[in-house]
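I am opening a notebook page on this structure, with one helix to look up in some detail before turning to the chain as a whole.

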Amino acid sequence: MNYENAGELLPEKLLKEVKKYAAGKLLYIPQDDEKKAWGEASGYRQVLVRRNQLIYNKYLHGTPIAELSKEYYLSQETIKRIVYSKKDTNKLDYDPTAPSAAAYAEAGMLEEWVHSYVLFGRRNKNFSEGLALMNRTYEGPLWIPLSLLSRTSGPESGMKWRVDREDFEHKVMHWTQQIQAGEAAPPLIAKVAQGRMELNSGNPLLEALHRAGVSQYPVIVWMTELADNEQYLKQYAMYRPD
């Protein structure tokens, strides 16, 4: 950084005022965007907020502090500050429901909701770890016509993932009862690839919705390739909530 003579840059009146506070000192004058809170200009602050939210959710669902310390390469004292802090107003409550997912999306933390749901609602650590292997784009929850979705799991032959019929029907009945009672349920989760949506999570729920005659339902979609994101914008952006 090059230093300049303030006497050559500042008006005389302003120079006199500066001398009252810092005569003979070297001053650094920040640019306008440096007046923002630390990390805001670069976006790093939001990265930490999102990371801390997922750490907090994992802790609340039973992940020990020592395990979180190893997973995130942070000291146990740092983890304790994250999970015990009462000053952090950015933390969101987590529920395995579509309204909770919408609240996370509004806060720019939809990905953190997805990982929380997959880990604790679905108990599918492998799916969560697979999603984390690459940068993904998440959109939603979108009110998607269910006619655009097909099950990928079920007892029928030809399914991508074939499961036990009795177990599948038991799960369908569970969601049917929840729908009939008007209780909140999780959104469906689907992958968008080559212009098509493939259901990743919620096959029994989708079947229950079909049987109940529901025509539209909240769906979270995720994409990996830029081309998929462009295709999504063409085909599904109309279903974004206002």
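I began with the outward side of α6 in this predicted model, and found that the face turned away from the buried side of the helix carries the exposed residues Pro99 and Glu106.

I then looked up the opposite side, and noted that the buried residues of α6, which spans residues 98-106, are Ala98, Ser100, Ala101 and Tyr104. Looking down the axis of α6, I see these buried residues fall within an arc of 160 degrees, so they line one face of the helix. As a reminder to myself, an α-helix has 3.6 residues a turn, so residues three or four places apart point the same way.

Which elements do the buried residues of α6 pack against? I listed two helices, α3 (44-60) and α7 (110-121), and two strands, β1 (137-145) and β6 (216-223).

I followed the partner α7 further, and recorded that its axis and that of α6 come within 7 Å and cross at roughly 145 degrees. On the α6 side, Ser100, Ala101, Tyr104 and Ala105 take part, and they meet Leu110, Glu112 and Trp113 of α7. Sorted by class, this contact of α6 with α7 has five nonpolar residues, one polar and one charged. I also checked what comes after α6, and there I noted Gly108, whose phi is positive, near 75 degrees.

My next entry concerns Ser153, which lies in strand β2 (residues 153-154). Is Ser153 buried or exposed? Its relative accessible area is 13%, which is under the 20% cut-off, so I entered Ser153 as buried. Leaving aside residues up to four places away in sequence, I found that Ser153 touches Met159, Trp161, Val163, Phe168 and Asn203.

For the chain as a whole, I wrote down eleven helices and six strands, and buried residues making up 39% of the 242 residues. Among contacts between residues at least 6 apart in sequence, 62% join residues at least 24 apart. The accessible surface comes to about 15600 Å², and 49% of that belongs to carbon and sulfur atoms.

Last, I looked at confidence: the mean pLDDT of the chain is 85, and 85% of its residues reach 70 or more. Over residues 34-39, however, pLDDT stays under 50, and for this stretch the model has seven contacts beyond four places in sequence. Where pLDDT is low, the predicted coordinates should not be read in detail.

Definitions and conventions: Residues numbered from 1 in each chain as written. Predicted model: local features only at pLDDT ≥ 70, side-chain atom pairs only at ≥ 80, totals over all residues. Heavy atoms only, no water. Buried < 20%, exposed > 50% of the residue type's maximum accessible area, 1.4 Å probe, protein only. Helix = DSSP H or I, 4+ residues; strand = E, 2+ residues; numbered from the N terminus. Arc of directions from axis to C-beta. Contact = heavy atoms within 4.5 Å. Areas by Shrake-Rupley, 256 points an atom, 1.4 Å probe, with all protein chains shown as cover. pLDDT = per-residue confidence, 0-100. Axes fitted to C-alpha atoms, helices over the stretch in contact; angles between N-to-C directions. Nonpolar A, V, L, I, M, F, W, Y, C, P; charged D, E, K, R; others polar.
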